[in-house]
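This report describes aromatic pairs, nonpolar cores, cysteines and selected local features of one protein chain. The sequence and the structure are shown first.

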Amino acid sequence: MGQTSFIHTGQGVLFAEGVSLEAIANQFGTPTYIYSKNTLIQTFESFKKGLIKTDHLICFAVKANSNIAILNLFAGLGAGFDIVSGGELERVIYAGGNPQKIVFSGVGKTESEIEAALKANILCFNVESRSELLRIQEVAEKMNIKAPISIRVNPDVDAKTHPYISTGLKDNKFGVDFNQALSIYLAAKGMSHIDIKGIDCHIGSQITELKPFVDALDRVLSLVDQLKKNNIQLSHIDIGGGIGICYQDESPPDFEIYIKEILNKIKGLNVKIIFEPGRALVGNAGVLLSKVEYLKQNDIKHFAIIDAAMNDLMRPTLYDAYHEIKVVREHDTKSQSFDVVGPVCESGDFIAKNRSLKLKENDLICIMSAGAYGMSMSSNYNSRGRAAEVMVDQDQLYEIRTREKSSDLFKLEKKLPL
Ligand code: LLP
């Protein structure tokens, strides 16, 4: 996947599909997240392309971008969803997602979340511990239904990504230890209200090489073999998400190559294959539009203070992540090396460091590749209302989330009685 391709230049100004970013700023203000409907559709379709002849399900990882309009669009394209909370369950159902296409991951499912998911009749729980399995059995027994489960195994494979987004190593809290998996399956087999459906793994995020996926699948398949020997037949294998995108100069494997490699490995097994991509489906379908408020300098640094901050886009602060920055209207100011920072009172509040840019005050800038883990990780720190979100469809513009006002922020709070 290339970088954000729906952003292009026309007469010296940036456009999102057919709408100029200046027009978006005029209508909605800044900071504003902008998504491209056509990029979302094309990306989903290109993922699906290699799977047409295979029994499969693409479960979009809701945490990457949970806007209702985006979930609704994916639901319409036939997607399923990977959820990790009761909140995501409600969101997906509200957005028109089919519960029978929902897998429920996460290490800390509460009783009420399990109950809600059973009521909704989801496809499967991805169980992350022996204790969780026992809890699901108990809740299902009370409800007098059978709970569909997979065990999420931790294959102890190095995904070679940022340590905060690696999940498939023994040090990580995710999944059950590979060596305990068989005994947990055997326990599940003996439980009255558990229905074993599949096996699951997810080794991390922003993975740019094929090998970790292949290594993880090899380990999963060796377990599938052992399960067969113990008369446990699975109806699906869920290989998680994690495929990376290009933010700067990374070259993650093409969907086609990635999918071919995986299908080759499961040939002849007669199981449904489930994927849980998040970032790969939305990351390069979104940008964050912001405005330069002030420029300032000292004898060692030039700062550009913009109206977007770490509360809008956490990734640079949290993972030192790189997001390309483009100036919306070109001009021939001299290029300088800038730290692009937000108004939040934290030294960690930056969007880019030492970036060579031509900037003036009041310039609009476009922060690229912000469609995944951007808005969904935003917060109200410093009592900043969350950004607006808009979707472009050629020359049409839709507001899909209104900018938060201060009163939205404190409406759930109460003064103490006098
Ligand atoms: N499935 C499970 C169980 C997951 O935990 C995740 C992501 C995914 C699927 C989707 O992974 P993806 O295809 O998006 O890589 N906030 C970080 C990424 C955290 C990923 C958490 N889990 C970031 O901004 O880079």
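## Aromatic pairs

Phe47 has a relative accessible area of 0% in this predicted model, and this residue is therefore classed as buried. Phe255 is also counted as buried, at 5% relative accessibility. Across the whole structure, a search finds 9 aromatic pairs. One of them joins Phe47 and Phe255: the ring centres are 4.9 Å apart and the planes meet at 65 degrees, so the arrangement is edge-to-face. The two partners come from distant parts of the chain, since Phe47 belongs to helix 2 (residues 37–49) and Phe255 to helix 9 (residues 255–266), with their positions 208 residues apart.

Phe213 and Tyr258 make an edge-to-face pair, with 4.9 Å from centre to centre and 70 degrees between the planes. This pair likewise links distant parts of the chain: Phe213 is in helix 8 (residues 211–229) and Tyr258 is in helix 9, 45 residues apart. Phe213 is buried at 4% relative accessibility, and Tyr258 is buried with a relative accessible area of 1%. Ring pairs connect Phe47, Phe213, Phe255 and Tyr258, together with Phe275, into a cluster.

## Charges over rings

Two lysines place their charged ends over phenylalanine rings. For Lys109, the ring is that of Phe104, and the charged end is 5.6 Å from the ring centre. For Lys353, the ring is that of Phe350, with a distance of 4.3 Å to the centre.

## Nonpolar cores

In soluble globular proteins, nonpolar side chains tend to be buried together. The largest nonpolar core in this model has 104 residues, of which Phe74, Phe125, Ile149, Ile199, Ile237 and Val340 touch the most other members. Helix 8 makes the greatest contribution to this core, with 8 residues. Because domain 1 (7–36 + 283–409) and domain 2 (105–277) both supply residues to the core, it lies between them.

The surroundings of Val340 can be listed in detail. When residues up to four places away in sequence are not counted, Val340 touches Ala304, Ile306, Ile325, Phe350, Ile351, Ala352, Leu357 and Ile365. Phe350 thus appears both as a contact of Val340 and as the ring beneath the charged end of Lys353. A second core, separate from the one described above, has 19 residues and includes Ala16, Leu21, Ile34 and Leu364.

## Cysteines

How many disulfides does a search of the whole structure find? The number is 0. Cys59 is accordingly in no disulfide, and the nearest cysteine sulfur, belonging to Cys124, is 9.5 Å away. Is Cys59 buried or exposed? With a relative accessible area of 0%, Cys59 is buried, whereas Cys345 is exposed, with a relative accessible area of 65%.

## Surroundings of Lys197 and Ser66

Lys197 is located in strand 11 (residues 194–200). Its relative accessibility is 27%, so Lys197 counts as partly exposed. Apart from neighbours within four places in sequence, Lys197 is in contact with Leu123, Cys124, Pro148, Ile149, Leu234, Ser235 and His236. Among these contacts, Cys124 carries the cysteine sulfur nearest to that of Cys59, and Ile149 is one of the residues that touch the most other members of the largest core. The C-alpha atoms of Lys197 and Ile237 are separated by 8.8 Å, although the two residues are 40 residues apart along the chain.

Ser66 is found in the loop between strand 5 (56–61) and helix 3 (68–76). A relative accessible area of 18% makes Ser66 buried, as the cut-off for that class is under 20%. Leu71, Arg91 and Ser376 are touched by Ser66, with residues up to four places away in sequence not counted.

## Backbone features

The peptide bond from Thr30 to Pro31 is cis, with omega near -5 degrees. Pro31 lies in the loop between helix 1 (21–28) and strand 4 (32–36).

Two asparagines have positive phi values. Asn121, which is not a glycine, has a phi of about 65 degrees and sits in the loop between helix 5 (111–120) and strand 8 (124–127). At 47% relative accessibility, Asn121 is partly exposed. Asn362 has a positive phi of about 75 degrees and occupies the loop between strand 18 (350–357) and strand 19 (364–367). Asn362 counts as exposed, at 55% relative accessibility.

Technical notes:
Residues are numbered from 1 along each chain as its sequence is written. This is a predicted model: local features need pLDDT of at least 70, side-chain atom pairs count only at pLDDT 80 or more; totals for chains, interfaces and linings use all residues. Side-chain values use heavy atoms; hydrogens and water are left out. Rings of Phe, Tyr and Trp (its six-membered ring) pair if their centres lie within 6.5 Å; planes under 30 degrees apart count as stacked, over 60 as edge-to-face and the rest as tilted. Helices (H or I, at least four residues) and strands (E, at least two) are DSSP runs, numbered from the N terminus. Buried means under 20% relative accessible area, exposed over 50%, partly exposed in between (1.4 Å probe, protein chains only). A charge sits over a ring if NZ of Lys or CZ of Arg is within 6 Å of the ring centre and within 35 degrees of the ring normal. A nonpolar core is a set of buried Ala, Val, Leu, Ile, Met, Phe, Trp, Tyr and Cys residues joined through side-chain atoms within 4.5 Å. Domain bounds come from an automatic or database domain assignment. Contact means heavy atoms within 4.5 Å. A disulfide is a pair of cysteine sulfur atoms within 2.5 Å.
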